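Work through the exercises below with the sequence and the structure side by side, and try each task before reading its solution.

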Amino acid sequence: MTAAASTPAVEMLVPSPGSRSTEWVRPPVDRGLLATALALALLMVPTAIAMLVDPREFLGLSVWVKPLKFELSLGVHVATLAWFYAYLPARVRDGWRGALATRLMIAVPVIELGYIAFHASRAEASHYNLSTPLNTAFYAAMGVGAVLLVLVPVAMGASILLAGEKRGTPLFRFAVGLGLVLGGTMGLVTGFALGAHGSHWVGNAHSDAGGLPLLGWSRTVGDLRAAHFLGLHIMQALPIAGWFLRDVRPSWGKPMVVTIGLFLVSFSVAALVEAFRGMPFIA
Amino acid sequence: MATTIITLERLFSIASSTATMGWLSLAAGVLFRRRALSTWVPGIVVATTLALIYAALLAAYWHDARGNFSSLNGIGTLFQSPGLLLAGWIHYLAFDLVVGVMIVRQASDERLPRLLIIALLPVTFLFGPVGFALFQGLRPLARIMDRGANRIDAAVGS
């Protein structure tokens with residue numbers, strides 16, 4: 001063991017106490033956020049039943065596909081925040097910032113989903129719905145909510161990077177914080193692109209029917225949703241990478257995590273550029 | 001206009017079979033004294049399944065609602081939509097079953113005769129509130145019979 005310790009490759013790994021704790025198996029989570037995430041996921045059951053019995057379509061697919069997608073994605077989003085909440089410094093968690101963050105991340109997804117499901121049940125648009133002054137006002141309010149949904153992760157990530165709770169390993173903590181910051185930022189940027197463009201398609205398309213399975217992204221014209229997906233999921237992908245690298249010494253590991261993060265960001269940016277040029281993500 | 005993946009008629013059969021299985025489980029639970037069959041299966045699994053189907057139908061068909069709840073005629077118009085009609089029927093199935101579960105639970109707490117309860121179950125299944133009313137009427141009678149037995153035993157002095 002001592003002879004092998006002199007080679008740089010072995011020196012990279014530092015067995016730290018955190019990596020063997022049970023928290024990888026049963027991580028501490030914020031209960032309110034976890035309950036919300038589970039509720040969102042469970043709503044997929046009656047939504048799926050509704051999809052089976054409702055003949056109506058919107059943009060070529062069942063009216064209930066969009067609520068289904070948002071139940072899943074909002075569930076994943078809130079579950080992510082539920083877990084990473086434990087990495088915030090205690091004075092943030094126990095103070096007004098923690099209370100505000102959790103309350104927002106419980107209320108906003110529920111309201112957003114309610115708005116989307118309401119319009120879906122009427123076979124109408126939820127996003128981009130400017131048909132009446134009331135709908136326009138609601139759509140604007142939903143925009144504010146969406147911004148909050150991505151800004152809270154950015155704030156959480158920054159707080160974790162600056163003074164995070166000593167949980168897990170230093171490198172995993174770094175990946176969590178950076179993942180939240182990059183994922184939230186790219187979510188914001190791509191979200192603005194979607195809002196400003198007035199449609200998720202760039203090009204002449206009116207139906208999601210020929211799109212990718214499950215995701216529905218267009219295979220013929222540019223689709224801004226791809227970049228939004230890739231950007232947002234950095235907040236899961238980078239921590240996953242950080243978990244695999246969790247025992248690496250931070251002086252080696254942090255540059256690795258930063259590199260992976262930049263790569264993921266460039267992937268999302270590339271999808272954004274490609275979409276704006278009217279090219280489909282996958283043809 | 002696309003067709004549905006499950007037709008309303010098919011869903012009606014599924015719901016009716018599910019409810020029937022709930023009632024059979026309830027009866028078996030009383031007969032064989034198994035709490036899981038008389039409480040958990042009908043009261044939680046079956047009732048929740050029916051409730052989820054009901055919620056889905058409401059979500060899918062509430063836009064079809066032409067009537068209202070303020071007159072008999074209004075309700076008739078409401079149920080002209082087949083989706084809402086099925087929803088109404090499932091509401092009926094679900095809650096009759098829940099009442100059955102509650103009757104069994106209360107009868108078990110008050111140690112009422114099991115044969116009596118098993119006789120009441122089909123009545124509640126077919127005629128809901130009649131079964132419930134019969135149960136409410138028979139509860140005090142059963143308790144009087146119980147007290148009567150005690151008095152006789154006391155008189156004999158055994």
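**Exercise 1.** Find where H127(A) is placed in chain A, and decide which residues far from it in sequence it touches.

*Solution.* Bear in mind throughout that this is a predicted model. Begin with the place of the residue: H127(A) sits in the loop that joins helix 6 and helix 7 of chain A. Next, take its accessibility, which is 24% in relative terms; because buried requires under 20% and exposed requires over 50%, H127(A) is classed as partly exposed. Then list its contacts, which, leaving aside residues up to four places away in sequence, are K66(A), F70(A), I116(A) and Y139(A). Finally, look along the chain to G195(A), which is 68 residues apart from H127(A), while their C-alpha atoms are separated by 8.6 Å.

**Exercise 2.** Examine the backbone of Y128(A) and of R111(B), and state what the sign of phi is in each residue.

*Solution.* Start with Y128(A), which is not a glycine and yet has a positive phi of about 65°. This residue belongs to the loop between helix 6 (96-121) and helix 7 (133-163) of chain A, and its relative accessible area of 24% makes it partly exposed. Turn then to R111(B), likewise a residue other than glycine, where phi is positive and near 50°. Its place is the loop between helix 4 (82-109) and helix 5 (114-127) of chain B, and with a relative accessibility of 72% R111(B) counts as exposed.

**Exercise 3.** Is A47(B) buried or exposed, and which residues does it touch?

*Solution.* First locate A47(B) in helix 2 of chain B. Its relative accessible area is 11%, and A47(B) is therefore buried, since the cut-off for that class is under 20%. Among residues beyond four places away in sequence, A47(B) touches P42(B), L97(B) and V98(B). For V98(B), the separation in sequence is 51 residues, whereas the C-alpha atoms of A47(B) and V98(B) lie 6.9 Å apart in space.

**Exercise 4.** Describe the largest nonpolar core, and say which helix gives the most to it.

*Solution.* The largest nonpolar core has 36 residues, and those that touch the most other members are L50(B), L57(B), I90(B) and F135(B). Now ask which elements take part: at least two residues each come from helix 3 (44-53) of chain A and, in chain B, from helix 1 (8-31), helix 2 (35-61), helix 4, helix 5 and helix 6 (129-156). The most is given by helix 4 of chain B, which provides eleven residues. To see one member in detail, take I90(B), whose contacts, not counting residues up to four places away in sequence, are A15(B), L50(B), I53(B), Y54(B) and L57(B). A second core, separate from this one, has 27 residues, including A82(A), Y85(A), V92(A) and M156(A).

**Exercise 5.** Work out how many residues each chain brings to the contact between chain A and chain B, and how much area is buried there.

*Solution.* Count by chain to begin with: chain B brings 16 residues and chain A brings 14 residues. Together the two chains bury about 1300 Å², and 75% of this area is on carbon and sulfur atoms. On the side of chain B, the three residues L52(B), A56(B) and W62(B) account for 29% of the area that this chain buries against chain A, which is more than any other three residues supply.

**Exercise 6.** Characterise the second largest pocket by its volume and by the residues that line it.

*Solution.* The volume comes first, and the second largest pocket holds about 290 Å³ of space. Its lining consists of 16 residues, and those nearest its centre are G29(B), V30(B), V104(B), S108(B) and R114(B). Sorting the lining residues by kind gives seven nonpolar, four polar and five charged. As for their origin, helix 1, helix 2, helix 4 and helix 5 of chain B each contribute at least two residues, and helix 4 of chain B has the largest share, namely five residues.

Technical notes. Residues are numbered from 1 along each chain as its sequence is written. Chains are lettered from A and ligands numbered from 1 in the order in which they are written. This is a predicted model: local features need pLDDT of at least 70, side-chain atom pairs count only at pLDDT 80 or more; totals for chains, interfaces and linings use all residues. Side-chain values use heavy atoms; hydrogens and water are left out. Helices (H or I, at least four residues) and strands (E, at least two) are DSSP runs, numbered from the N terminus. Buried means under 20% relative accessible area, exposed over 50%, partly exposed in between (1.4 Å probe, protein chains only). A nonpolar core is a set of buried Ala, Val, Leu, Ile, Met, Phe, Trp, Tyr and Cys residues joined through side-chain atoms within 4.5 Å. Contact means heavy atoms within 4.5 Å. On a 1 Å grid over the protein atoms alone, a cavity is a set of points where a 1.4 Å probe fits but cannot get out, and a pocket is an open set with protein on both sides within 12 Å along at least five of seven lines; lining residues have an atom within 4 Å of a point. Grid points are joined across faces, edges and corners, and a volume is the space filled by probe spheres set on the points. Ala, Val, Leu, Ile, Met, Phe, Trp, Tyr, Cys and Pro count as nonpolar, Asp, Glu, Lys and Arg as charged, and the others, Gly among them, as polar. Buried area is the accessible area (1.4 Å probe) that two parts lose on being put together, summed over both.
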